[in-house]
Amino acid sequence: MHTSMRHLKRYLVFLALCCLSVAAGGQTAEGFRIDTISDALFERIKGKSYPQDCKIDRSELRHLTVKHYDGKGKIKDGELICNKQIAKELLEIFKELFENKYPIESIRLIDDFDANDELSMQANNTSCFCYRAVAGSAKLSAHARGMAVDINPLYNPCVRRLKNGSVSIQPKAGKPYADRSRHYGYTLRKGDLCYQLFTKHGFRWGGDWRSLKDYQHFEK
């Protein structure tokens with residue numbers, strides 16, 4: 001009888017701890033975690049990816065902690081902010097990419113680059129949330145809602161043909177990698193694991209677009 005009571009007490013303590021973890025908003029699995037935006041994190045992004053005129057409520061965003069392999073096979077820690085609607089899906093995707101050693105050079109908040117998209121892309125940095133307009137437009141980007149992810153952007157640039165016949169490439173340093181007939185260590189291709197995982201979860205790939213080719217970009 002006493003043994004059964006002890007087991008029951010242990011179970012109740014375990015259940016209480018689980019409830020506390022859920023209430024805190026955290027989900028942990030081998031270095032992969034989802035959290036709400038803490039006060040400390042909000043101070044990091046305020047005035048950068050989260051400008052004063054940001055229309056997205058802080059409660060709509062989530063902070064993801066992930067692990068990833070770089071092109072040299074080194075395990076690195078990463079973090080990104082996304083919309084809560086896609087947080088669990090992104091965690092699943094990045095966990096599976098990690099398990100399969102899919103190379104991603106860097107996953108850092110764009111705030112580490114003062115929310116400058118060009119600088120982040122030049123560093124081949126994978127990122128998600130940044131409240132900004134589409135380049136050359138007044139229309140808000142899907143990144144502004146935390147609903148788009150750019151993967152290895154230096155090696156998978158955005159290629160746009162302008163009305164005057166010239167070609168715009170972002171980032172500018174990604175010009176050599178706009179030639180998709182060649183393969184580099186971080187080249188993202190239609191049909192590869194990254195493409196398969198994102199599209200399986202209902203994301204659209206910018207490489208499939210007609211008006212421009214945004215090879216780094218997945219959005220919902």
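Helices (H or I, at least four residues) and strands (E, at least two) are DSSP runs, numbered from the N terminus. With that reading, the chain holds 5 helices and 12 strands, and histidine 217 lies in strand 12.

The structure is a predicted model, in which local features need pLDDT of at least 70 and side-chain atom pairs count only at pLDDT 80 or more, while totals for chains, interfaces and linings use all residues. Residues are numbered from 1 along each chain as its sequence is written, and side-chain values use heavy atoms, with hydrogens and water left out.

**The chain and histidine 217**

Of the 220 residues of the chain, 46% count as buried, where buried means under 20% relative accessible area, exposed over 50% and partly exposed in between (1.4 Å probe, protein chains only). Contact means heavy atoms within 4.5 Å, and among contacts between residues at least 6 apart in sequence, 54% join residues at least 24 apart.

Histidine 217 counts as buried because its relative accessibility is 5%. Leaving aside neighbours within four places in sequence, histidine 217 is in contact with His143, Ala148, Val149, Asp150, Arg204, Trp205, Gly206 and Trp209. The side chain of histidine 217 also makes a polar contact, at 2.8 Å, with the side chain of glutamate 219; a polar contact is a pair of N or O atoms within 3.5 Å, and within protein one must be able to donate a hydrogen and the other to accept it, with residues adjacent in sequence counting only if both atoms are side-chain atoms.

**Helices 3 and 5**

Helix 3 (residues 87–99) has 13 residues and reaches 18 Å from its first C-alpha to its last, close to the 18 Å expected, the expected span being 1.5 Å times one less than the number of residues. Its buried residues are Ala87, Glu89, Leu90, Leu91, Ile93, Phe94, Leu97 and Phe98.

In helix 5 (residues 193–200), the residues Cys194, Tyr195, Leu197 and Phe198 are buried, and what covers the buried residues of helix 5 includes helix 3, strand 7 (148–150), strand 10 (204–205) and strand 12 (217–219). Aspartate 192 caps the N-terminal end of helix 5, with a side-chain oxygen 3.2 Å from the backbone nitrogen of cysteine 194.

**Backbone features**

The table gathers residues with a positive phi.

| Residue | Place | Phi |
|---|---|---|
| Lysine 101 | just after helix 3 | about 55 degrees |
| Glycine 202 | just after helix 5 | about 90 degrees |
| Asparagine 124 | loop between helix 4 (117–122) and strand 6 (125–126) | near 55 degrees |
| Asparagine 152 | loop between strand 7 and strand 8 (158–161) | about 40 degrees |

Asparagine 124 counts as buried at 0% relative accessibility, and asparagine 152 is buried with a relative accessible area of 0%. The peptide bond from glutamine 170 to proline 171 is cis, with omega near 0 degrees, and proline 171 sits in the loop between strand 9 (167–170) and helix 5.

**The cavity**

On a 1 Å grid over the protein atoms alone, a cavity is a set of points where a 1.4 Å probe fits but cannot get out, and lining residues have an atom within 4 Å of a point. A search of the whole structure finds 1 cavity of 30 Å³ or more, and about 40 Å³ of space lies in the largest cavity, a volume being the space filled by probe spheres set on the points, which are joined across faces, edges and corners. The largest cavity is lined by Leu80, Ile81, Arg108, Leu109, Ile110, Asp111, Ser127, Cys128 and Phe129. By class, this lining has 6 nonpolar, 1 polar and 2 charged residues, where Ala, Val, Leu, Ile, Met, Phe, Trp, Tyr, Cys and Pro count as nonpolar, Asp, Glu, Lys and Arg as charged, and the others, Gly among them, as polar.

Terms used: On a 1 Å grid over the protein atoms alone, a cavity is a set of points where a 1.4 Å probe fits but cannot get out, and a pocket is an open set with protein on both sides within 12 Å along at least five of seven lines; lining residues have an atom within 4 Å of a point.
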